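Open the structure in a viewer and keep the selection panel at hand. The stops below go from the whole chain to single residues.

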Amino acid sequence: MTAVFSHGRLRLYLLKLLDDGPKHGYELIRLLADRFHGTYAPSAGTIYPRLARMESEGLVTHTAAGGRKTYSITEDGRAELRQRAGELAALEQDINTSVSDLAAEIQAEVRGSARDLKRELREAAKQTRKSPWVFEVQIGTSRPGNDPRDEFDRRLAAFADEVRAIVRRGRFSDDQLRTASRLLDGVLDGLRRLQR
């Protein structure tokens, strides 16, 4: 769990989300993931036990319809929110800071990966200009006599697979995906310039 939700703060944030209106557990998970721009999403095993505990304490209630429980905040839950208003404001600030820090880390990683790719592509272009039958890059060397286009195709396919895997694991926000797409466009522009 992300550090901003230590010491009962997730419970407080769940009360805040339920104060906006009734929600089922997976909706709360999605709202938290959205709040963190996809960089954090609690599991069902994190949310549902907390909701059950909050219900036993009289802070929330639930109704069941269609196999799904919808949770609502009670007056006792609202009273706790009012009592902890200062803590909730500090939590919102911590969330904003955490999201900004994570976004900066992701942007730095994407920039670093793009720089590495550009460097490798420049090196590959140099090597193919030197000898059209030997294709060398920093991460490996093909044997003389192999077609450099085949080696390039293998590396490009591996690169595409790795990028897809990173994006699927990372739960990137729409803005982060657009930034990553622009970086890929920049690499494509660089390849076009190499053709000239």
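Start with the whole chain, coloured by secondary structure. From the N terminus on, the elements follow the order α-β-α-α-β-β-α-α-β-β-α-α. That makes 7 helices and 5 strands. This is a predicted model. Of its 196 residues, 30% are buried. Switch on the surface: the chain exposes about 12,200 Å², and 51% of this comes from carbon and sulfur atoms. Among contacts with a separation of 6 or more, 54% are between residues 24 or more positions apart.

Next, select residues 60-65 and 68-73. These are strands β2 and β3, which run antiparallel and are joined by 6 bridges. Two facing pairs can be picked out here: Thr61 is opposite Ser72, and Thr63 is opposite Thr70. Now go to the turn of this hairpin, where 2 residues lie between the strands. Gly66 has a positive phi near 60° there.

Add residues 23-24, which form β1. The three strands now shown make an open sheet in the order β1-β3-β2, with antiparallel pairing. β1 and β2 are the edge strands, each pairing on one side only. Show α1 as well: this helix packs on the sheet and touches β1, β2 and β3. The direction of α1 makes about 95° with that of β3.

Now turn to the interior and show side chains. Which residues of the largest nonpolar core touch the most other members? Select Phe5, Tyr13 and Leu32: of the 25 residues in this core, they are the ones. At least two core residues come from each of α1 (9-19), α2 (25-35), α3 (44-56), β3 and α5 (85-130). The largest contribution, 7 residues, is from α1.

Stay on Leu32 and display what surrounds it. Apart from neighbours within four places in sequence, Leu32 contacts Phe5, Leu10, Tyr13, Leu14, Leu17, Tyr40, Pro42 and Ile47.

The last stop is helix α4, residues 75-83. Select Gly77, Glu80 and Leu81, which are buried. Why do these three lie on the same side of α4? They do so because they cover an arc of only 100° around the axis. Then rotate to the face turned away from the buried side of α4, where Glu75, Arg82 and Gln83 are exposed.

Terms used. Residues numbered from 1 in each chain as written. Predicted model: local features only at pLDDT ≥ 70, side-chain atom pairs only at ≥ 80, totals over all residues. Heavy atoms only, no water. Pairing = 2+ DSSP bridges. Helix = DSSP H or I, 4+ residues; strand = E, 2+ residues; numbered from the N terminus. Buried < 20%, exposed > 50% of the residue type's maximum accessible area, 1.4 Å probe, protein only. Contact = heavy atoms within 4.5 Å. Areas by Shrake-Rupley, 256 points an atom, 1.4 Å probe, with all protein chains shown as cover. Core = buried A, V, L, I, M, F, W, Y, C linked by side-chain atoms within 4.5 Å. Arc of directions from axis to C-beta. Axes fitted to C-alpha atoms, helices over the stretch in contact; angles between N-to-C directions.
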